[in-house]
Amino acid sequence: MKLVVLLCSFVLCAYAGVRLLDGDWFSVALWFVGAAVVHDLVLLPLYAGADRALVRGVARRGWVPYVRVPAALSGLLLLVWFPLISGRVSERYAGVAGLSADGYAMRWLIVTAVLFGGSAVVFAVRAGRRRRSADDA
C-alpha cells in the first residue's frame, strides 16, 4: 500500500512538473535555484544566528520554545505571503483573483500577535502548574 501511495505521489509530482515547465521553463528553474541560494546563503544564517542569540541571551531557557514556535510560524507565513503582505503585486492579484489584496499586512500582524499571545498564555499556564507542583512537594 505504501508503495502505491509513493508511486501515485511521484506521478502527481511529474504531472505538476510537466505542467509547470510547459511555459517558461527557464524562469521556473531560475526561480528554484535562486530560492535555494537565497535560503542557504541569506535566510539560514539569519534565523540560525537569531536563534543562537536568543538561546545565549537568556539564563533560564524554559521560555525559549515559546518564542521559537510563534516566530517560526510567523516567519513562514511572511515568507509564503510576502508579495501580498508587501503590496508589491496588489494590482496583478486583483486582476487574476478578482479580490483586493488590501489588508494582508494587517492580517499577518494580527496572526503574529495571536501566535505570540497564545504562546505566552500556554507558557504562563505551564509555569503556574510547575510552581504549584513545586509548592506542594
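Which residues lie nearest the centre of the largest pocket? That was what I looked up to begin with, and I found Y47, R68, A71, A72 and G75. A caution for my own notes: this is a predicted model.

**Entry: the largest pocket**

I put its space at about 490 Å³. The lining runs to 14 residues. Which element gives the most to that lining? It is helix 3, with eight residues. I see that helix 3 covers residues 64-86, and that helix 2 also supplies at least two residues of this lining. Next I sorted the lining by class and got ten nonpolar residues, two polar ones and two charged ones.

**Entry: R68 and its partner**

R68 was on my list for the pocket centre, so I followed R68 further, because at 38% relative accessibility it counts as partly exposed. How many salt bridges does a search of the whole structure find? I got one. It joins R68 to D51, and the closest N and O atoms are 2.6 Å apart. The two ends sit in separate helices, R68 in helix 3 and D51 in helix 2, with their positions 17 residues apart in the chain, so I noted the pair as a link between distant parts of the chain.

Is D51 buried or exposed? Neither, as it turns out: D51 is partly exposed, because its relative accessible area is 27%, and the partly exposed class runs between 20% and 50%.

**Entry: A71**

A71 is another residue from the pocket-centre list, and I placed A71 in helix 3. Its relative accessibility is 35%, so A71 counts as partly exposed. I then checked A71 against T112. They are 41 residues apart in sequence, and their C-alpha atoms are 7.9 Å apart in space.

**Entry: S119**

Where does S119 lie? I found S119 in helix 5, which takes in residues 104-136. S119 is buried, because its relative accessible area is 11% and the buried class means under 20%. I also took the distance to R68: the C-alpha atoms of S119 and R68 are separated by 9.7 Å, while the two residues are 51 apart along the chain.

**Entry: the second largest pocket**

Here I got about 250 Å³ of space. Which residues line this pocket? My list reads W31, G34, A35, V38, H39, L43 and L79. Helix 2 gives the largest share of the lining, six residues. By class I wrote down five nonpolar residues, two polar ones and no charged ones.

**Entry: the nonpolar patch**

W31 turned up again when I moved to the surface, since W31 is one of the residues that make a nonpolar patch of about 840 Å². The others I noted there are L20, L21, W25, F26, L30 and F32. Which elements give two or more residues to the patch? They are helix 1, residues 2-21, and helix 2, residues 25-56. Helix 2 provides the largest share, five residues.

I picked L20 for a closer look. L20 belongs to helix 1. Why does L20 count as partly exposed? Because its relative accessible area is 46%, which falls between the 20% and 50% limits of that class.

**Entry: A29**

Last, I looked up A29, which is in helix 2. A29 is partly exposed, because its relative accessible area is 32%. How many residues apart in sequence are A29 and R19? I counted ten, and their C-alpha atoms are 13 Å apart in space.

**Entry: what I keep from this**

Helix 2 came up several times. It gives the largest share of the nonpolar patch, it gives the largest share of the second largest pocket's lining, and it holds D51, the partner of R68. Helix 3 holds R68 and A71, and it gives the most to the lining of the largest pocket.

Definitions and conventions: Residues are numbered from 1 along each chain as its sequence is written. This is a predicted model: local features need pLDDT of at least 70, side-chain atom pairs count only at pLDDT 80 or more; totals for chains, interfaces and linings use all residues. Side-chain values use heavy atoms; hydrogens and water are left out. Patches are made of residues with over 30% relative accessible area and no salt bridge: like charges are joined within 9 Å, nonpolar side chains (Val, Leu, Ile, Met, Phe, Trp, Tyr) within 5 Å. Accessible areas come from the Shrake-Rupley method with a 1.4 Å probe; for residues, only the protein chains shown count as cover. A salt bridge is a side-chain nitrogen of Lys or Arg within 4 Å of a carboxyl oxygen of Asp or Glu. Helices (H or I, at least four residues) and strands (E, at least two) are DSSP runs, numbered from the N terminus. Buried means under 20% relative accessible area, exposed over 50%, partly exposed in between (1.4 Å probe, protein chains only). On a 1 Å grid over the protein atoms alone, a cavity is a set of points where a 1.4 Å probe fits but cannot get out, and a pocket is an open set with protein on both sides within 12 Å along at least five of seven lines; lining residues have an atom within 4 Å of a point. Grid points are joined across faces, edges and corners, and a volume is the space filled by probe spheres set on the points. Ala, Val, Leu, Ile, Met, Phe, Trp, Tyr, Cys and Pro count as nonpolar, Asp, Glu, Lys and Arg as charged, and the others, Gly among them, as polar.
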